Each structure stands twice: as structure tokens, then as C-alpha cells.
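Here are a few notes from my pass through the model, mostly on charged pairs and what sits around them. Have a look at the structure first, then read on.

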Amino acid sequence: MFSNSIAAINLYYITSIQTHLKHRHDVEGASNKLLKYIEFSKKISNGKNRLLSGIYDATKLVESKASTKEDYLILEKVFKALVDIDPSLYEARVWLAKSYYYKKQNYNSLLQIDKAIEISPVQDKPYRLGLKMAHEQGDEKLFSF
């Protein structure tokens, strides 16, 4: 019964989030719904729980629709909450690094990039973001590193 309830909750949230994205490209509404989803999961259990995979999938969907700097700034709280729940989520770290990058918080962005590389050193996304930051800053030492 509990498993069916979890599946129903996941379906409800993903459907309501899709509604925000399909009809109005409402990233802020989707972000608010994701934050409610995260808060609901915390009421069931602190830390990782069975709802986390649904939250992650829903966040991945919303992030895939994020097309502007503002979208990433809106989603920053969601990305931070995901990293807080599970520090080993590679993509959540990359997303958070992008949010910090857009806020010009380069130190925080580089910390997230470094942690993402520690989690999955063969993935190219964090390296590309780090190279982009180093190039924009004209920091040849960082770029070489």
C-alpha cells in the first residue's frame, strides 16, 4: 500500500509540474511545486527516501526546459535542496554550479564543479563550465588547470 501511495504522489507532482511547463513555460511555478515536493518528502523521512527518485526526475525535466539565466536563478533553491538531500547527485551539483555561475558567485560555482568532478570524473559538463568561466575571467592558470 505504501509503495502505491509513493507512486501516486510521484505521478501527481510530475503531472502538475508538467502543466506549468507545457502551458505557460512557468519555470517559477514548477520550481515552487518542486520545493513543495521536497518539503513533503522531508515530512515522510529526513534525507534520502523513496520519493527522491521522483523529485530528481521532475527536477531533471524542469532543468531541461530552463533556457535562460533567470530560469537557473529561479531553480537555485531546488538544486541546493537536492544537493542537501543527497550530496552524491552529480547532475544536481552541475545545475547548482550553473546557478552560482549566473549569479557571478564563481568561487561557489567552482566548488560545485570540483565536487561534481569528484563524483564523476569522466563526465564533460563540469569541465566545460569551468573552462567557460576561466575563459570569461581571462584566468589562464585556471583554464590550464
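1. A salt bridge here means a side-chain nitrogen of Lys or Arg within 4 Å of a carboxyl oxygen of Asp or Glu. Lys-80 and Asp-84 meet that cut-off, with N to O at 3.3 Å. Keep in mind throughout that this is a predicted model.

2. Where do Lys-80 and Asp-84 sit relative to each other in helix H4? They are four residues apart in that helix (residues 69–85), so about one helical turn separates them. Lys-80 is partly exposed, at 37% relative accessible area, while Asp-84 counts as exposed at 52%.

3. The structure holds seven salt bridges. One that caught my eye pairs the side chains of Glu-91 and Lys-60, at 3.5 Å from N to O. Glu-91 belongs to helix H5 (residues 90–102) and Lys-60 to helix H3 (residues 52–65), so this pair ties together parts that lie 31 residues apart in sequence.

4. Is Glu-91 buried or exposed? With 14% relative accessibility, Glu-91 counts as buried. Its partner Lys-60 comes out as partly exposed, at 38%. The pair also belongs to something wider: Lys-60, Glu-91 and Lys-125 are linked in a network of salt bridges.

5. Another pair worth a look is Asp-124 with Arg-128, whose closest N and O atoms are 2.8 Å apart in a salt bridge. Asp-124 is partly exposed, with 36% relative accessible area, and Arg-128 is exposed, with 57%. As general background, side chains of opposite charge can pair when their charged atoms come close.

6. Back in helix H3, have a look at Thr-59. Thr-59 has a relative accessible area of 1%, so it is buried. Which residues does Thr-59 touch, leaving aside neighbours within four places in sequence? The contacts are Leu-34, Val-78, Phe-79, Leu-82 and Trp-95.

7. Leu-34, from that contact list, is one of the buried residues of helix H2. The others named as buried in H2 are Val-27, Gly-29, Ala-30, Ser-31, Lys-33, Tyr-37, Ile-38 and Ser-41. Note that a lysine, Lys-33, is on that list.

8. Last, the geometry of H2 itself. The helix takes in residues 27–44, 18 residues in total, and reaches 26 Å from its first C-alpha to its last. That is close to the 26 Å expected at 1.5 Å a residue.

Terms used. Residues numbered from 1 in each chain as written. Predicted model: local features only at pLDDT ≥ 70, side-chain atom pairs only at ≥ 80, totals over all residues. Heavy atoms only, no water. Helix = DSSP H or I, 4+ residues; strand = E, 2+ residues; numbered from the N terminus. Expected span 1.5 Å × (residues − 1). Buried < 20%, exposed > 50% of the residue type's maximum accessible area, 1.4 Å probe, protein only. Contact = heavy atoms within 4.5 Å.
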